[in-house]
Amino acid sequence: MKHIGVIGGGIAGLGLSIDLAKRGFKATVFEKNRYPNHKVCGEYVSAEASPYLNYLGVLIKMSDCPRINQLEVSSPKGRIFKTKMKMGGIGISRYAFDDLLYKRALELKVDFVFEEVAEANETEISTKADKTFQFDRVIGSFGKRSNLDLKWNRAFAMKSKNSLNQWVGIKYHIDYDGIDDKTIALHNFDHGYCGISKVEKGRACLCYLVSSKVMKNKTIPELEAEVLKRNPHLKTIFEKSSSLYDKPLAISQISFDKKTLKQSNVSFIGDAAGLITPLCGNGMSLALRSAKMMAESISDDSLEYEVHWKKVIAPRLWWGRQIQRGFGNVRLSEVLVAICRLFPFLGKFLVSKSHGDEF
Ligand SMILES: Cc1cc2nc3c(=O)[nH]c(=O)nc-3n(C[C@H](O)[C@H](O)[C@H](O)COP(=O)(O)OP(=O)(O)OC[C@H]3O[C@@H](n4cnc5c(N)ncnc54)[C@H](O)[C@@H]3O)c2cc1C
């Protein structure tokens, strides 16, 4: 039985390990954090991944989670555009989602090593605790930015600041009655945007992405008071909700730049291969899609992962990069929302571009 080593047990790594186990492979996942844990993420899973989640055996356990099919976008001054989403998605916290996948992987006898990986190549993984493991093949699913990106001098991690790589992500779970289970709202503000939607147990996830340019010398409460609350919808949300965290979760140096698909003969899936802007609300389903492609190519040598990835995923990342470049610009957001209000079919078209086909 072939043994595959998987670096990183987020959505992509867990999806891959379950899929491989179902196909009769042995998989070992290396993960630096214990489950369950909170992650910075908007927590909206596009329904394009539903058939695959069903195949992995977890969709049924998501039946109590909100089904989201309505989008609201507000401009920095508060003008609102609303549209129905044809595809829609599911609201589930990363705390619950990663743990669900982890438990499913355990059921299928996937092994876990809870250590940080320090070095790897095509067939070998070494952890920070100086242990080395051998495999038939090693796959990297270590997310948007990892110690391994620096170790391998990956080009995107070495780049100086540009419009695609200087983003900061902040997330809370909040108690808030002002949004229903079916709606995801995207509120724009100067140099950023904030998503809010419900997840399981009536909580709402509030997650925003902001350029480090406006973060400079500001604390998070100052940023929210001086920048985000200028959007009247965000002002209402912050004033009428209470945080369920002691303090928000934050990550910096988020990069949407192009990445390589392979390094040191380790092939990448999920964010390690490329991160899509959260505006396209879709990173988790793309992570699962790349996991599926990788599992298929491992079990059938004639299917080339890279060729398939470039055909299906690369164009969506390209589209996401173009959208991301224009966002955060107050005037452009005002104009875009005004145009979508006048021509709703244009808004529908943009939303349809952000969701792919079911897989
Ligand atoms: C602000 C923001 C909001 C977002 N909102 C959404 C959304 O609403 N919907 C959506 O679909 N997507 C969203 N995304 C994108 C989504 O979060 C990612 O695309 C998704 O998490 C990718 O999964 P992954 O498995 O590749 O990476 P991750 O889920 O990040 O998993 C990587 C794992 O690797 C582990 N790891 C890293 N390095 C090592 C190491 N050296 N050794 C061992 N373990 C390691 C980490 O601990 C982590 O568990 C958002 C992203 C951002 C930044």
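This report describes the overall build, the ligand surroundings, the empty spaces and two backbone details of one protein model.

The model is predicted, and its features should be read with that in mind. The protein has 13 helices and 18 strands. Its radius of gyration is 20 Å, close to the 21 Å that the globule rule gives for 359 residues, so the protein is as compact as a globular protein of that length. Taken along the principal axes, the box that the C-alpha atoms fill is roughly 60 × 40 × 40 Å.

**Around the ligand**

There are 37 residues around the ligand, and those that come nearest are Glu31, Gly42, Arg94, Asn147 and Asp271. Sorted by class, the residues of this shell are 15 nonpolar, 13 polar and nine charged. Helix H1 (11-22), strand S14 (204-211) and helix H9 (283-299) each supply at least two residues of the shell, and H9 gives the most, with three residues.

Oxygen atoms of the ligand take part in polar contacts with the protein, and three of these pairs are listed here with the part of the residue that is involved.

| Residue | Part of the residue | Distance to an oxygen atom of the ligand |
|---|---|---|
| Asn33 | polar side-chain atom | 3.5 Å |
| Glu43 | polar backbone atom | 3.2 Å |
| Gly283 | backbone N or O atom | 3.1 Å |

Taken alone, the ligand exposes 1000 Å², and the protein buries 96% of that area.

**Empty space in the protein**

Rolling a probe the size of a water molecule over the atoms shows where empty space is left. How many cavities of 30 Å³ or more does the count give? The count comes to one such cavity.

The largest cavity holds about 70 Å³ of space. Its lining consists of 13 residues, and Gly270, Gly274, Leu286, Ala287 and Ile313 are the ones that lie nearest its centre. Helix H9, which also gives the most residues to the shell around the ligand, provides the largest share of the lining of this cavity, namely four residues. By class, the lining of the largest cavity has eight nonpolar, four polar and one charged residues.

The second largest pocket contains about 350 Å³ of space. It is lined by 16 residues, among which Ser93, Tyr95, Ala96, Glu200 and Lys201 lie nearest the centre of the pocket. Which helix gives the most to the lining of the second largest pocket? That helix is H3 (residues 94-107), with five residues. The lining of the second largest pocket divides into six nonpolar, three polar and seven charged residues.

**Two details of the backbone**

Most residues other than glycine have a negative phi, and most peptide bonds are trans. Two places in this model depart from these habits, one in a peptide bond and one in a phi angle.

The peptide bond that joins Tyr35 and Pro36 is cis, with an omega of about -10°. Pro36 has its place in the loop between strand S2 (26-30) and strand S3 (44-46).

The other place is His191, which has a positive phi of about 65° although it is not a glycine. Where in the chain does His191 lie? His191 is found in the loop between strand S12 (183-189) and strand S13 (192-198).

Methods. Residues numbered from 1 in each chain as written. Predicted model: local features only at pLDDT ≥ 70, side-chain atom pairs only at ≥ 80, totals over all residues. Heavy atoms only, no water. Near = heavy atom within 4 Å. Polar contact = N/O pair within 3.5 Å; in protein donor to acceptor, adjacent residues only side chain to side chain. Areas by Shrake-Rupley, 256 points an atom, 1.4 Å probe, with all protein chains shown as cover. Nonpolar A, V, L, I, M, F, W, Y, C, P; charged D, E, K, R; others polar. 1 Å grid on protein atoms, 1.4 Å probe; cavity = no way out; pocket = protein on both sides within 12 Å on 5 of 7 lines; lining within 4 Å. Points joined across faces, edges and corners; volume = space filled by probe spheres on them. Rg over C-alpha atoms; globule rule 2.2 N^0.38 Å.
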